[in-house]
Amino acid sequence: SDPIHHGLDAGCLRHVLGYQLAQAEVPTRKIFFKHIGEPLQLRPVEFTILMLVLHNADVTQKQLAQALAVSAPNTTILLDRLEERELITRVRSEADRRAQHVRLTRKGQTLAKKAHEVSLTMEQDLLRHLSEAERAILIELLQKVARHRRV
């Protein structure tokens, strides 16, 4: 059956992925801000950067920009903010003097580990009506769509 939103028949938007993603993002963002955004003072993009740096050794600024699909200047601004908060540090690469490795400080490591821990369970309630298999399929399909974003 087609969704009814605030008394409006939204069936005409059923085929629009962007609309469906936007609808799903509303409760997802709410949960993120309740569990990570507000208590840990992290924006979603900052959380993503901390997770990528925590789980990948010697990440470069260029790799982060590509992973986030964010321009190099905007990546610099994001990293500057995290550096001001003493969560990351940038270290010149020994192998390639032009490259900088982004690393977590001790404070950044503690915060990133805490955020990761929270992220493992924060969406359980939102997804409670999906089976484990459905959750896996949802993630897999979204990844499949995202993989082709550079095409």
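Here is a short tour of one helix pair and a few salt bridges in this predicted model.

**Stop 1: two helices.** Select residues 44–55, helix α2, and residues 61–68, helix α3. Their axes sit 11 Å apart and pack at an angle of about 130°, which makes α2 oblique to α3. The crossing is right-handed. Now show side chains: from α2, V45, T48, I49, L52 and V53 make the contact, and from α3 you'll want L64, A67 and L68. Color them by type and you get 7 nonpolar, 1 polar and no charged.

**Stop 2: R103 and D58.** On to the salt bridges, of which the model has 8. Pick R103 and D58; their closest N and O atoms are 2.6 Å apart. R103 belongs to strand β5 (residues 100–104), while D58 is in the loop between α2 and β3, so this pair ties together parts 45 residues apart in sequence. Turn on the surface and both partners are partly exposed: R103 has a relative accessible area of 33%, and D58 has 35%.

**Stop 3: E83 and R90.** Select these two next and look for a salt bridge of 2.7 Å, N to O. Which partner is buried? R90 is, at 16% relative accessibility; E83 is partly exposed at 32%. Add D80 to the selection as well, since shared salt-bridge partners join D80, E83 and R90 into one network.

**Stop 4: inside a helix.** Finish on helix α6, residues 132–147, where R135 and E132 lie 3 residues apart, about one turn of the helix. Their side chains meet in a salt bridge at 3.7 Å, N to O. E132 counts as exposed, with 60% relative accessibility.

Terms used
Residues numbered from 1 in each chain as written. Predicted model: local features only at pLDDT ≥ 70, side-chain atom pairs only at ≥ 80, totals over all residues. Heavy atoms only, no water. Axes fitted to C-alpha atoms, helices over the stretch in contact; angles between N-to-C directions. Helix = DSSP H or I, 4+ residues; strand = E, 2+ residues; numbered from the N terminus. Parallel < 35°, antiparallel > 145°, perpendicular 65-115°, else oblique. Left-handed = near helix turned anticlockwise from the far one by under 90°. Contact = heavy atoms within 4.5 Å. Nonpolar A, V, L, I, M, F, W, Y, C, P; charged D, E, K, R; others polar. Salt bridge = Lys/Arg side-chain N within 4 Å of Asp/Glu carboxyl O. Buried < 20%, exposed > 50% of the residue type's maximum accessible area, 1.4 Å probe, protein only.
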